[in-house]
Amino acid sequence: MTRPGPALLRADGLSFRYEPGRPLLEGWSAGFDAGEVAAVTGPSGRGKSTLLYLLGLMLRPVSGEVLLDGEPMHARPDRERAARRAATFGFVFQDAALDSSRTVLDNVLETALYRGDDRRTSARRAHALLERFGVALRAEARPGQVSGGQAQRIALCRALLGDPRVLLADEPTGNLDPTSAEVVLEALHEQAQRGAAVVVVTHDPALVARCDRELVL
Ligand SMILES: Nc1ncnc2c1ncn2[C@@H]1O[C@H](COP(=O)(O)OP(=O)(O)OP(=O)(O)O)[C@@H](O)[C@H]1O
């Protein structure tokens with residue numbers, strides 16, 4: 001009999017607090033499978049963004065583990081965690097987190113170039129993504145010259161550029177009109193259909209209703 005493999009991404013007994021601070025997570029566990037869009041919801045300040053940082057290997061838990069393909073990541077050295085992050089994860093930060101000193105295109109290319117991907121191939125793909133999300137004309141602009149909603153779509157382009165196996169998105173439709181939000185939601189589902197585990201932090205009940213599962217923090 002074949003047993004199901006490990007979840008693509010798994011949180012196992014995660015505890016975390018900022019120092020000094022009250023515990024945000026205590027023994028939190030969940031699995032995220034390929035092909036699934038999971039929503040993480042809960043009141044403001046409960047630790048949803050922090051959970052994404054833990055899942056995305058940007059923070060280390062106080063105790064517990066994040067497992068990628070069943071492999072525990074806690075004890076891996078920073079350099080290996082960063083390399084795994086660049087190879088596996090796409091991250092859409094809540095405030096887009098674009099570097100204002102670089103053009104939009106260079107922001108989208110940032111992780112790909114860190115990974116050592118070919119610049120010309122990556123740039124072609126970046127242009128196609130910017131086109132798809134309606135921000136191609138802004139490719140040579142600086143992030144300070146684009147709107148909040150455009151910045152959010154640019155951040156999504158950066159996250160999708162490497163065809164990530166895990167896509168972590170923090171309020172990815174927060175600044176968007178309904179039509180643009182729909183385009184983003186479709187992109188999240190498409191990435192899941194391509195075999196990614198997608199985790200979306202959101203306060204939007206309409207978005208939650210369109211996810212496969214809701215985890216309430
Ligand atoms: N770097 C930090 N140092 C100390 N405390 C922090 C830090 N980042 C966040 N916090 C605190 O941790 C708590 C959880 O923050 P977090 O952003 O994870 O919550 P959230 O659920 O995503 O909130 P929201 O829905 O408002 O975005 C908050 O009280 C916040 O002030």
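**Two sheets, one helix between topics, and a ligand shell**

One open sheet here has four strands in the order β2-β1-β4-β5, and its pairing is antiparallel. Before I go on, note that this is a predicted model. At the edges of this sheet stand β2, residues 25-32, and β5, residues 71-72, and each of them pairs on one side only. Further in, strand β1 (residues 9-16) and strand β4 (residues 63-68) run antiparallel and are joined by five bridges. To find that pairing on the screen, look for Arg10, which stands opposite Leu67 in β4. Helix α1 packs on this sheet and touches β1, β2 and β4, with its direction making about 125° with that of β1.

Now the other sheet. This one is also open, and five strands form it in the order β6-β7-β8-β3-β9, with parallel pairing. Which strands stand at its edges? They are β6 and β9 (213-216); each has a single partner strand, so one side of each is left without a neighbour in the sheet. From one strand to the next, the twist averages 15°. As a general point, strands of a sheet pair through backbone hydrogen bonds, either parallel or antiparallel.

Take the β6 end. Strand β6 covers residues 89-92 and pairs with strand β7, residues 166-170, in the parallel sense over four bridges. Gly90 has Leu167 as its bridge partner in β7. In a regular strand the side chains alternate between the two faces of the sheet. In β6, Phe89 and Phe91 point one way, Gly90 and Val92 point the other way, and all are buried. Helix α5 lies across β6 and β7, and runs at about 175° to β6.

Moving along the sheet, strand β3 (residues 37-41) pairs with strand β8 (residues 197-201), again in the parallel sense, over four bridges. Here Ala38 has Val199 as its bridge partner in β8. Helix α1, residues 48-55, comes back at this point: it lies across β3, β7 and β8, running at about 155° to β8.

Next, the core. The largest nonpolar core has 59 residues, and Leu188 and Val200 touch the most other members. Helix α5, residues 148-160, gives this core its largest share, seven residues. What does Val200 touch, leaving aside its neighbours within four places in sequence? Its contacts are Val37, Ala39, Val40, Ala169, Pro172, Leu188, Leu207 and Cys211.

For contrast, look at Gly195, in the loop between α6 (178-193) and β8. Is Gly195 buried or exposed? Exposed is the cut-off for 12 or fewer C-beta neighbours, and Gly195 counts as exposed because it has 11 of them inside 10 Å. Apart from neighbours within four places in sequence, Gly195 is in contact with Ala34, Gly35 and Arg165. Leu176 is 19 residues from Gly195 in sequence, and the two are 26 Å apart in space, C-alpha to C-alpha.

Last, the ligand. Which residues surround the ligand? They are Tyr18, Gly21, Leu24, Ser44, Gly45, Arg46, Gly47, Lys48, Ser49 and Thr50. By type, that shell divides into two nonpolar, six polar and two charged residues. Lys48, Ser49 and Thr50 from that list fall within the span of α1, residues 48-55. That is where I will stop.

Key: Residues are numbered from 1 along each chain as its sequence is written. This is a predicted model: local features need pLDDT of at least 70, side-chain atom pairs count only at pLDDT 80 or more; totals for chains, interfaces and linings use all residues. A residue is near a molecule or strand if its C-beta atom, placed from the backbone, lies within 6 Å of it. Ala, Val, Leu, Ile, Met, Phe, Trp, Tyr, Cys and Pro count as nonpolar, Asp, Glu, Lys and Arg as charged, and the others, Gly among them, as polar. A residue is buried if 20 or more other C-beta atoms lie within 10 Å of its own, exposed if 12 or fewer, and partly exposed in between; C-beta atoms are placed from the backbone. Two strands pair if DSSP finds at least two bridges between them. A nonpolar core is a set of buried Ala, Val, Leu, Ile, Met, Phe, Trp, Tyr and Cys residues joined through C-beta atoms within 7 Å. Two residues are in contact if their C-beta atoms, placed from the backbone, lie within 7 Å. Axes are lines fitted to C-alpha atoms, for helices over the stretch in contact, and angles run from 0 to 180 degrees between N-to-C directions.
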